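Trainee: I'd like a close look at one helix in this protein, and at what surrounds its buried residues. Could you walk me through it?

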Amino acid sequence: MQPTATVLVYSDDANTREQVRLAAGRRPAADAPQIEYVECATLPALLSTLEERTVDVCVLDGEAVPAGGMGVCRQIKDEIFRCPPVLLLIGRPEDAWLATWSRAEAAVSHPVDPVALADALAGLLRGDHRSAGAAGAA
C-alpha cells in the first residue's frame with residue numbers, strides 16, 4: 001500500500017470541502033493509505049491541478065456553481081489522460097443516474113454522510129472502483 005494518497009476535493013463551497021475532509025479524515029479505512037487533500041474551488045484550478053500533479057481520487061461536488069461536478073466529471077473523463085476515479089457528491093439519491101451518465105465511479109448524497117463517504121472513498125483508494133457504481137447513493 002502506498003504511504004499517502006492525494007485526494008482532490010472540488011467545490012465552490014468551503015463548507016462542503018471541509019465536510020469531505022472531516023468525513024474521510026486522514027485515513028478513511030484501516031487498509032487505506034493516509035490522505036493528502038488538495039482543494040479546488042474553480043474549474044480552472046481543478047484542471048490545472050490534474051495536469052500538474054498526480055491525483056489518486058477526485059471528490060466532485062455535483063452542486064458546485066457555475067461548473068457542477070457532474071459535468072466536470074464527464075469533461076475530465078474525456079480530457080484527462082488516465083483520469084483518476086471520481087466520487088461524486090449528488091444532491092439527492094434520485095440523481096444517481098446522472099452520476100452514472102457523468103461516468104463517476106461512485107456517488108454519495110448530500111448532506112455528507114461520514115460513513116458512506118469514507119466507505120466509498122476507501123473503496124476507490126483500494127482500486128474497487130470497477131464495481132463501486134453509485135455506492136451510497138441509494
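Mentor: Sure, but a word on confidence before we zoom in. This is a predicted model, with a mean pLDDT of 91 over the protein and 91% of the residues at 70 or better. Of the elements, strand β3 (residues 57–61) has the highest mean pLDDT, 98, while helix α4 (residues 96–101) has the lowest, 92. The stretch to watch is residues 130–138, where the pLDDT is below 50, even though this stretch makes 20 contacts in the model beyond near neighbours in sequence. Where pLDDT is low, don't read the predicted coordinates in detail.

Now to helix α3, residues 69–79. Its buried residues are Gly-69, Met-70, Val-72, Cys-73, Ile-76 and Lys-77. Why do they end up on the same side of α3? Because the arc they cover around the axis is only 160°. The general rule helps here: an α-helix has 3.6 residues a turn, so residues three or four places apart point the same way. As for what covers the buried residues of α3, the list includes strands β1 (4–10), β3 and β4 (86–90), along with helices α2 (43–52) and α4. So β3 and α4, the two ends of that pLDDT ranking, are both part of the cover.

For another bit of helix packing, try α1 (residues 14–24) against α5 (residues 114–126): their axes are 8 Å apart at an angle of about 75°, so the two are roughly perpendicular. Val-20, Ala-23 and Ala-24 from α1 meet Pro-114, Leu-117, Ala-118 and Leu-121 from α5. By class, that contact has seven nonpolar residues, with no polar and no charged ones.

Notes. Residues are numbered from 1 along each chain as its sequence is written. This is a predicted model: local features need pLDDT of at least 70, side-chain atom pairs count only at pLDDT 80 or more; totals for chains, interfaces and linings use all residues. Side-chain values use heavy atoms; hydrogens and water are left out. Axes are lines fitted to C-alpha atoms, for helices over the stretch in contact, and angles run from 0 to 180 degrees between N-to-C directions. Helices (H or I, at least four residues) and strands (E, at least two) are DSSP runs, numbered from the N terminus. Angles under 35 degrees count as roughly parallel, over 145 as roughly antiparallel, 65 to 115 as roughly perpendicular and the rest as oblique. Contact means heavy atoms within 4.5 Å. Ala, Val, Leu, Ile, Met, Phe, Trp, Tyr, Cys and Pro count as nonpolar, Asp, Glu, Lys and Arg as charged, and the others, Gly among them, as polar. pLDDT is the predictor's confidence in each residue, from 0 to 100. Buried means under 20% relative accessible area, exposed over 50%, partly exposed in between (1.4 Å probe, protein chains only). The arc is that of the directions from the helix axis to the C-beta atoms.
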